[in-house]
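Okay, thanks for coming, everyone. I'll put the structure up now and then we'll just wander through it together.

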Amino acid sequence: MKAVILVGGRATRLEPLTCNMPKAIVPVLNTPFLEHVIRHLSQHQIKDIILAQGHLAQPIEDYLGDGSQFGVRLYYSIEDTPLGTGGAVKNAERYLAETFLVLNGDIITDLDITTMIDFHRKRRAKITISLAPVDDPTSYGLIETDAGDRITRFLEKPTWSEVTTNMINAGTYIMEPDVLAQMPPKTRISFEREVFPQLLARGEPVYAYSSPAYWIDIGTPEKYLQLHRDLLSGKCKQYAPALGKKVLVGEQCDIHPTARIKGPVVIGANCSIGRRVKLIGPVVIGSGSTILEDSVIEESVIWRNARLGPGVSLKKSIVADNCLINAKSICEESVLGDNVTVTSGSKLKPGSRIEPRTTVEAER
Ligand code: GDD
Ligand code: MG
């Protein structure tokens with residue numbers, strides 16, 4: 001079976017992390033997000049994967065290439081202008097002659113895809129949609145079902161007064177190719193707002209596959225940090241083998257004996273952790289980063305080539321590539337885009353979002 005991964009969204013809610021990097025290759029445990037998704041598909045014997053993309057397409061292709069290093073075959077379907085979730089899959093129709101899978105490209109899940117495919121076939125469904133329970137359905141597509149798992153209603157981004165269930169569209173679909181045949185080409189069209197409700201109106205068999213599997217959409221910085229907490233605490237089973245050791249240190253790292261590290265912590269290759277540094281997990285540090293003496297990093301994710309310290313305090317924050325946080329600065333609940341400089345002695349307001357390539361000056 002082939003799979004289409006939708007990776008053409010603008011990812012504005014994840015800015016400033018995604019100003020210069022597509023959401024699809026944002027690092028998750030120091031590995032580009034899509035690599036995790038591709039490995040999950042590959043485990044379920046899905047080896048032909050089409051990436052439907054538009055915005056910031058080149059960096060994705062540069063990293064993933066033809067997929068051979070991950071044991072899969074990758075194909076790229078590019079949109080000149082964003083075609084929406086439905087239009088993007090229609091645009092890849094030439095690859096899709098048989099039953100196929102569609103995935104939103106911003107989801108990490110333990111979903112048992114093989115069992116979901118069996119479910120789809122047994123029901124002779126036109127489309128099967130995975131469902132997940134959430135606390136706040138208003139950011140998602142709400143789905144109502146009947147006792148036989150047939151979907152009776154879709155409601156994309158409901159208001160609280162419209163919420164009738166906590167079950168939402170979890171962004172994995174199995175589809176029959178004739179769904180695409182009925183759609184107009186080169187037209188912006190949404191599965192969730194147009195195609196799915198139209199299929200229901202025509203009485204087509206559209207089924208819901210509910211599962212208790214781990215599920216998260218990394219749409220916002222808060223969710224991105226949540227994902228790291230969950231992965232490092234073993235909530236998402238796919239990643240369990242990597243979590244046997246509570247502190248994972250990459251190659252060629254230099255960790256000073258006086259540094260105190262409380263797991264779960266993942267440190268990439270070629271990092272330097274200085275005297276009396278405290279790392280209080282969950283913490284992830286990207287390759288090539290230097291944490292200078294007396295700095296304290298707590299519940300944070302740092303990408304590649306950061307330089308922090310001395311005496312910096314970083315808590316519940318995300319720091320994108322190539323940032324410089326100078327002596328004694330304090331960052332809490334903040335998100336720094338790539339190539340940000342924070343001058344010595346600065347204190348960021350909690351909740352700060354710093355645009356890439358800017359300098360934060362200390363208040364004098
Ligand atoms: N190629 C392409 N072209 N991809 C797109 C486009 C487009 O025009 N628009 C969005 N995408 C991709 C995004 O990159 C993302 O991977 C996926 O489609 C879903 O878009 P989001 O923008 O992340 O949607 P959402 O999170 O608000 O809502 C969707 O996901 C929820 C689950 O996380 C909907 O499918 C909801 O119904 C669902 O509950
Ligand atoms: Mg999303």
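Let's start right after helix H1, where you find Gln45 with a positive phi, near 65 degrees. That's a residue to pause on, since Gln45 has that positive phi although it is not a glycine. One thing to keep in mind while I talk: this is a predicted model.

So where does Gln45 sit? It's in the loop between H1 and strand S4, which covers 48-53. Buried or exposed? Gln45 comes out at 57% relative accessibility, so it counts as exposed.

Now look back at the helix just before it. H1, residues 33-43, is mostly covered, with nine of its 11 residues buried. Among the buried ones are Phe33, Leu34, Val37, Ile38 and Leu41, and the list also includes Glu35, His36 and His40.

There's another residue like Gln45, by the way. Gln252 has a positive phi of about 55 degrees, and it is not a glycine either. You'll find Gln252 in the loop between strand S14 (247-249) and S15. With a relative accessible area of 66%, Gln252 is exposed.

While we're on the backbone, let me point out a couple of cis peptide bonds. One runs from Gly263 to Pro264, with omega near 5 degrees. Pro264 is in the loop between strand S16 (260-262) and strand S17 (265-267). Another cis bond joins Gly309 and Pro310, and there omega is about 0 degrees. Pro310 has its place in the loop between strand S24 (307-308) and strand S25 (313-315).

Okay, on to the strands. Go to strand S1, residues 2-6, near the start of the numbering. S1 is mostly covered: four of its five residues are buried. What does S1 pair with? With S6, it pairs in the parallel sense over five bridges, and five bridges also join S1 to S4, again running parallel. If you want landmarks, Ala3 stands opposite Leu101 in S6, and Leu6 stands opposite Ala52 in S4.

Further along the chain there's an open sheet. It has seven strands, in the order S15-S18-S21-S24-S27-S30-S32, with parallel pairing. Which strands are at the edges? Those are S15 (254-255) and S32 (359-360), and each of them pairs on one side only. Zoom in on one neighbouring pair: S27, residues 324-325, and S30, residues 341-342, are parallel and joined by two bridges. Within that pair, Ile325 has Val342 in S30 as its bridge partner.

Now for the part with the ligands. Ligand 2 is a magnesium ion, and it is coordinated by Asp106 and Asp217 through OD atoms, at 2.1 to 2.5 Å. Asp106 lies in the loop between strand S6 (100-104) and strand S7 (107-109), while Asp217 is in strand S13 (residues 215-217), so the pair ties together parts that are 111 residues apart in sequence. Are these two buried or exposed? Asp106, at 9% relative accessibility, counts as buried, and Asp217, at 13%, counts as buried as well.

Then there's ligand 1. How many residues surround it? There are 27, and the closest are Leu6, Glu79, Asn169, Glu192 and Asp217. You've met two of those names already: Leu6 from the S1 and S4 pairing, and Asp217 from the magnesium site.

Let me give you a few polar contacts. Glu79 has a side-chain N or O atom 2.6 Å from a nitrogen atom of ligand 1. Asp106 puts a polar side-chain atom 2.8 Å from an oxygen atom of ligand 1. For Arg13, the side-chain N or O atom is 3.4 Å from an oxygen atom of the ligand. And how much of ligand 1 is covered? On its own it has 740 Å² of accessible area, and the protein covers 90% of that.

Last stop: the aromatic rings. The structure holds 10 aromatic pairs. In one of them, Phe119 and Tyr209 meet edge-to-face, 5.2 Å centre to centre and with 65 degrees between the planes. This pair links distant parts of the chain, with Phe119 in helix H4 (residues 113-123) and Tyr209 in strand S12 (residues 206-210), 90 residues apart. Both rings belong to buried residues. Elsewhere, ring pairs link Phe154, Tyr173, Phe191 and Phe196 into a cluster.

That's my tour, so over to you.

Key: Residues numbered from 1 in each chain as written. Chains lettered and ligands numbered in written order. Predicted model: local features only at pLDDT ≥ 70, side-chain atom pairs only at ≥ 80, totals over all residues. Heavy atoms only, no water. Pairing = 2+ DSSP bridges. Donors = N, O, S within 2.8 Å, 3.2 Å for Na, K, Ca; no water. Buried < 20%, exposed > 50% of the residue type's maximum accessible area, 1.4 Å probe, protein only. Near = heavy atom within 4 Å. Polar contact = N/O pair within 3.5 Å; in protein donor to acceptor, adjacent residues only side chain to side chain. Areas by Shrake-Rupley, 256 points an atom, 1.4 Å probe, with all protein chains shown as cover. Phe/Tyr/Trp six-rings, centres within 6.5 Å; stacked < 30°, edge-to-face > 60°.
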